[in-house]
Amino acid sequence: MKRNVIVIFTFIYCLVSCNEKPSFSSFTYPNGRTKALILSYDDGTIQDIELAKLFDKYNLVGTFNLNSKYLGVTRGWPQQNGDTIYQRYVPKDSLLIIYKNHEIAAHGALHKNFIGISNEEILEEINTDITSLEKLTDRKIISMAYPFGSTNDTIAKLIASTGIKNGRTVNDTYTYDLPKNYMIWHPTCHDSKVLDHLDPYLELNRQQLSLFYVWGHSWEFGNKERWDTMVTFCKKIGKSNDIWSVGHGEFTNYLLATQNIQIENNQIINPLDNLPVWIKLSNGIQKLYPGESLTIKQ
């Protein structure tokens, strides 16, 4: 008799629990993850080939910001000490081979410093870059890194008018916080500092979304110690299952998609023209597809 009562009670409890509406907790990255990694590299020099291969080896995604007018040429860059550094750039017809698994982004057609030139020149730099890169790759270009990291509010708004959705600076924050302004996006650190942040980020355990944003130039890896550091970093972080390695553009689109989610009248609604979004509920992680809605506890 006692056993029957327990069975009946358990059945009723499960029935009530199963019918109980879940409560909304937060958004997550795909598959319930809360940590992400962006690797952003500038200029498009020939050393990108080996760096892209390294990323491929460890299933990491890079964002490569290219100067379209220099593709396929060798260019001399005068230095303050009077020397000139010559850089070789990747060939135009190799972009979809080198960057097959990675994002291609803008960096200004001729790498001009946006501070000190006119608005018309800035638009010429970015629009030429976007047009050339889209023609060469048949991809939509929505990300960029500012040449020399130089920008301000006025420039950022001007760049946003071209359809670019994010703009990266070189002002390291040494934090894993998401930016307040996508068009003035400060990274976590230059790749020379990645090992300082590697273990702390791997061990990070917090519920809110975080981002480890690394930037640099592949031509800097002529220094063997620097290259060995990057290999160590990629090998270790590539083994992590709880970090979303993603291009800057895809990451930005996902954040924008979470902002489009409507939560009202006990409903979570994903608009039909939105991306799929992952949400954390009281009963687990759920993927909400475009056009889907979910009833939640008020």
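## Close-up views of the predicted model

No disulfides turn up here, a disulfide being a pair of cysteine sulfur atoms within 2.5 Å. The model is predicted, so local features need pLDDT of at least 70 and side-chain atom pairs count only at pLDDT 80 or more, while totals for chains, interfaces and linings use all residues. Residues are numbered from 1 along each chain as its sequence is written, and side-chain values use heavy atoms, with hydrogens and water left out.

**View A. Cysteine 189 and cysteine 234, without a bond.** A disulfide is a covalent bond between the sulfur atoms of two cysteines. Why is there no bond for cysteine 189? The closest cysteine sulfur, in cysteine 234, sits 12 Å from its own, and that is too far. Cysteine 189 is buried at 0% relative accessibility (buried is under 20% relative accessible area, exposed is over 50%, partly exposed is in between, with a 1.4 Å probe and protein chains only). Cysteine 234 is buried too, with a relative accessible area of 0%.

**View B. Histidine 190 and its polar partners.** Histidine 190 is found in strand β9, residues 189-190 (helices, H or I of at least four residues, and strands, E of at least two, are DSSP runs numbered from the N terminus). With 10% relative accessibility, histidine 190 counts as buried. Its side chain makes a polar contact with the side chain of serine 192 at 2.9 Å, and another with the side chain of glutamate 220 at 3.0 Å. A polar contact is a pair of N or O atoms within 3.5 Å; within protein, one must be able to donate a hydrogen and the other to accept it, and residues adjacent in sequence count only if both atoms are side-chain atoms. Leaving out residues up to four places away in sequence, histidine 190 touches Asp172, Trp215, Gly216, Glu220 and Arg226 (contact means heavy atoms within 4.5 Å).

**View C. Histidine 217, in the loop ahead of α7.** This residue lies between β10 (210-216) and α7 (224-237). Buried or exposed? Histidine 217 counts as buried, at 14% relative accessibility. Setting aside neighbours within four places in sequence, histidine 217 is in contact with Tyr41 and three aspartates, Asp42, Asp43 and Asp191.

**View D. Helix α7 and its buried face.** The 14 residues of α7 should span 20 Å at 1.5 Å a residue, and its end C-alpha atoms are indeed 20 Å apart (the expected span is 1.5 Å times one less than the number of residues). Thr229, Met230, Phe233, Cys234 and Ile237 are buried in α7. Down the axis, these buried residues fall within an arc of 125 degrees, so they line one face of the helix; the arc is that of the directions from the helix axis to the C-beta atoms. They pack against β2 (35-43), α2 (48-57), α6 (194-202), β10 and β11 (243-245). The face turned away from the buried side carries exposed Lys224 and Glu225. At the N-terminal end, asparagine 223 acts as a cap, with a side-chain oxygen 2.9 Å from the backbone nitrogen of glutamate 225.

**View E. Methionine 230 and the nonpolar cores.** A nonpolar core is a set of buried Ala, Val, Leu, Ile, Met, Phe, Trp, Tyr and Cys residues joined through side-chain atoms within 4.5 Å. The largest one has 46 residues, and Ile159, Met230 and Phe233 have the most contacts inside it. A second, separate core of 24 residues includes Phe27, Tyr182, Phe251 and Tyr254. Not counting residues up to four places away in sequence, methionine 230 touches Leu39, Tyr41, Leu51, Leu54, Phe55, Asp191 and Phe221.

**View F. Helix α2 from its buried side.** Asp48, Leu51, Ala52, Leu54 and Phe55 are the buried residues of α2. They cover an arc of only 155 degrees around the axis, which puts them on the same side of α2. Their cover includes β2, β3 (62-66), α3 (95-98) and α7. Just after α2, asparagine 59 takes a positive phi of about 55 degrees.

**View G. Two loop residues with positive phi.** Most residues other than glycine have a negative phi. Asparagine 31, not a glycine, has a positive phi of about 65 degrees; it lies in the loop between β1 (24-28) and β2 and is exposed, with a relative accessible area of 59%. Histidine 111, also not a glycine, has a positive phi of about 60 degrees. Histidine 111 belongs to the loop between β6 and α4 and is buried, with a relative accessible area of 9%.
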